[in-house]
Amino acid sequence: GILLVFVLFFVLFSNFFIQSGSIFVEPNLLTITPINLGIELLAVGVFLLFYSIFVSFIIFNVRDSINHVRTQYYLSEKLHRFTFRLFSYYFALTIFFFLLAGVLLRFGWPVESIALIELIVSFALFFVPQSIVVDERSVLLCIFHNFDYMRNHPFIVLRVVIVSIILVLILPLIELAFDQFFFVGRWVSLLIGLIFVIPFIEVLKTRAYMFKFGLVRPHL
């Protein structure tokens, strides 16, 4: 919920909009001034930093509940490294998606095709955050660990993906329901996404990822 404070800053920019429990940006590189682009990147960076902190805590807590570690040591010596690696990963992925969409739009690609490409890439990297915190490796190695896990446990991955899709698809319905009466649906759906859907999905993904060590029952 704290992340909503930073989200309020995004609505000041004309190319940011909130819908269906998510934050979207229009990647039109020709209409964004360098100053606005710099401010937007700074705002996104601050948001992703706090987001990385929260995701690190979520994944670490699930990992610790399944396989106890030296909590004090990890909190003082390890967690900031996980956060930095997660932040680097999220920020690089965000910039990649932004530039990819901007370039493809410039060449006349339809928005639907660009969204499909980014969706496929996102699913291909689905367990990278879990690998960063659980495997404690570099981002590049964690990407390969992610691929290895998805290849070796396809049915578990499929179940997690299906549950995640269902939860995400519920958010537009919540938004529509609230907009019928109060016209605050986008904020309600975003709040529910931040405080329930995203944390739940990350917990589910972490439990699934810990299965590769034989620490979680197959049915999760």
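**Exercise 1. Burial and surface**

State what share of the protein's residues is buried.

Solution. Step 1: fix the term. A residue is buried under 20% relative accessible area, exposed over 50% and partly exposed in between, with a 1.4 Å probe and protein chains only. Step 2: apply it. Of the 220 residues in the protein, 40% are buried. Step 3: turn to the surface. The accessible surface comes to about 12400 Å², and carbon and sulfur atoms hold 72% of this area; the areas come from the Shrake-Rupley method with a 1.4 Å probe, and for residues only the protein chains shown count as cover.

The model is predicted: local features need pLDDT of at least 70, side-chain atom pairs count only at pLDDT 80 or more, and totals for chains, interfaces and linings use all residues. Residues are numbered from 1 along each chain as its sequence is written, and side-chain values use heavy atoms, with hydrogens and water left out.

**Exercise 2. Elements and overall size**

Give the order of helices and strands, then judge the compactness of the protein.

Solution. Step 1: count. The protein has eight helices and two strands; these are DSSP runs (helices H or I, at least four residues; strands E, at least two), numbered from the N terminus. Step 2: order them. From the N terminus the sequence of elements is α-β-β-α-α-α-α-α-α-α. Step 3: compare sizes. The radius of gyration is 18 Å and the globule rule gives 17 Å for 220 residues, so the protein is as compact as a globular protein of that length. The radius is taken over C-alpha atoms, and the rule is 2.2 Å times the number of residues to the power 0.38. Step 4: add the box. Along the principal axes, the C-alpha atoms fill roughly 50 × 40 × 35 Å.

**Exercise 3. The nonpolar cores**

Find which helix gives the most to the largest nonpolar core.

Solution. Step 1: define a core. A nonpolar core is a set of buried Ala, Val, Leu, Ile, Met, Phe, Trp, Tyr and Cys residues joined through side-chain atoms within 4.5 Å. Step 2: describe the largest. This core has 44 residues, and Phe47, Tyr89, Tyr90, Phe127, Tyr149 and Val160 have the most contacts inside it. Step 3: list suppliers. Elements that each supply at least two residues include helix 1 (3-10), strand 1 (16-19), helix 2 (34-66) and helix 3 (71-106). Step 4: pick the helix. Helix 2 gives the most, with eight residues. Step 5: note the other core. Apart from the largest lies another core of six residues, among them Leu167, Leu171, Val188 and Val197.

**Exercise 4. Two residues compared**

Decide whether glutamate 202 and phenylalanine 91 are buried or partly exposed.

Solution. Step 1: locate them. Glutamate 202 is in helix 8, and phenylalanine 91 is in helix 3. Step 2: read the accessibility. Glutamate 202 counts as buried because its relative accessibility is 7%. Phenylalanine 91, at 26%, counts as partly exposed. Step 3: list contacts, meaning heavy atoms within 4.5 Å. Leaving aside neighbours within four places in sequence, glutamate 202 is in contact with Tyr51, Val55, Ile58, Ile59, Tyr90, Pro129 and Gln130. On that basis, phenylalanine 91 is in contact with Leu41, Gly45 and Leu48.

**Exercise 5. Positive phi**

Locate serine 20 and glutamate 136.

Solution. Step 1: serine 20 is in the loop between strand 1 and strand 2 (22-25), with phi near 55 degrees, a positive value in a residue other than glycine. Step 2: glutamate 136 is in the loop between helix 5 and helix 6, with phi near 60 degrees.
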